[in-house]
Amino acid sequence: MPAAGRGGAAHRAHGHAGLRLHAVAPERQVQTGVRVIDELAELGVGRFYFTGGEPFARPDIFDLIAHVTGAKQHELIILTNATLFDGERLKRLEACDRSRLKLQVSVDGAGPETNDPIRGKGSFAAATAGLRRASELGFDTSLTTVVTGRNAHELTQLTQLAKALGAKH
């Protein structure tokens with residue numbers, strides 16, 4: 001069942017919701033996001049998912065995280081490439097509620113030779129470093145992969161990689 005404000009879209013199923021904001025002026029994105037989160041919470045959504053593009057590229061991401069996990073006290077799962085987990089973003093991530101915020105990190109190969117042609121040069125090193133940082137901060141992390149003909153033979157190594165980086169699932 002869609003629940004949306006103008007310019008935003010959210011989809012709700014079985015108490016879960018994913019939120020994408022698009023075509024909204026940057027100065028209104030946080031307001032729109034908060035309003036949609038509030039509406040979905042009123043409808044009974046207990047778990048939220050943020051996906052992208054890259055959610056951590058949004059200047060308002062930490063406001064939205066705080067609203068879901070703090071003000072609404074709901075679980076939030078963010079699908080991320082984790083490549084932006086450094087500097088100020090890492091400091092702000094460190095302040096987030098580890099009991100409610102979960103991170104799913106996208107890596108599509110057990111090494112840069114498989115991952116980088118799919119996700120971009122240098123993305124394997126950046127994503128695995130970001131996953132390790134988030135795990136070391138105590139976040140519940142997981143590694144997600146789109147299985148393709150290029151990486152299907154690496155599933156065992158991807159599982160081992162996830163474990164080595166501290167992924168819990």
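This passage describes the nonpolar core and the strand pairing of a predicted model. Residues are numbered from 1 along each chain as its sequence is written, and side-chain values use heavy atoms, with hydrogens and water left out. Because the model is predicted, local features need pLDDT of at least 70 and side-chain atom pairs count only at pLDDT 80 or more, while totals for chains, interfaces and linings use all residues.

A good place to start is the interior. The largest nonpolar core (buried Ala, Val, Leu, Ile, Met, Phe, Trp, Tyr and Cys residues joined through side-chain atoms within 4.5 Å; buried means under 20% relative accessible area with a 1.4 Å probe, protein chains only) has 33 residues. Those with the most contacts inside this core are Phe56, Ile65, Leu93, Leu101 and Leu103. Elements giving two or more residues to the core include α1 (26-42), α2 (61-71), β5 (101-106) and α5 (123-136); helices (H or I, at least four residues) and strands (E, at least two) are DSSP runs numbered from the N terminus. The most, 5 residues, come from α2. Beyond its neighbours within four places in sequence, Leu103 has contacts (heavy atoms within 4.5 Å) that include Phe56, Ile78, Phe85 and Leu93.

Turning to the strands, β3 and β4 pair (at least two DSSP bridges between them) in the parallel sense over 4 bridges, and Arg47 has Glu75 in β4 as its bridge partner. The β-α-β crossover from β3 through α2 to β4 is right-handed: with the strands pointing away from the viewer, the path from the first strand over the helix to the second runs clockwise. Parallel pairing also joins β4 to β5, over 5 bridges, with Val105 in β5 as the bridge partner of Thr80. Here the chain crosses through helix α3 (residues 87-94), again in a right-handed β-α-β crossover.

Key
Buried means under 20% relative accessible area, exposed over 50%, partly exposed in between (1.4 Å probe, protein chains only).
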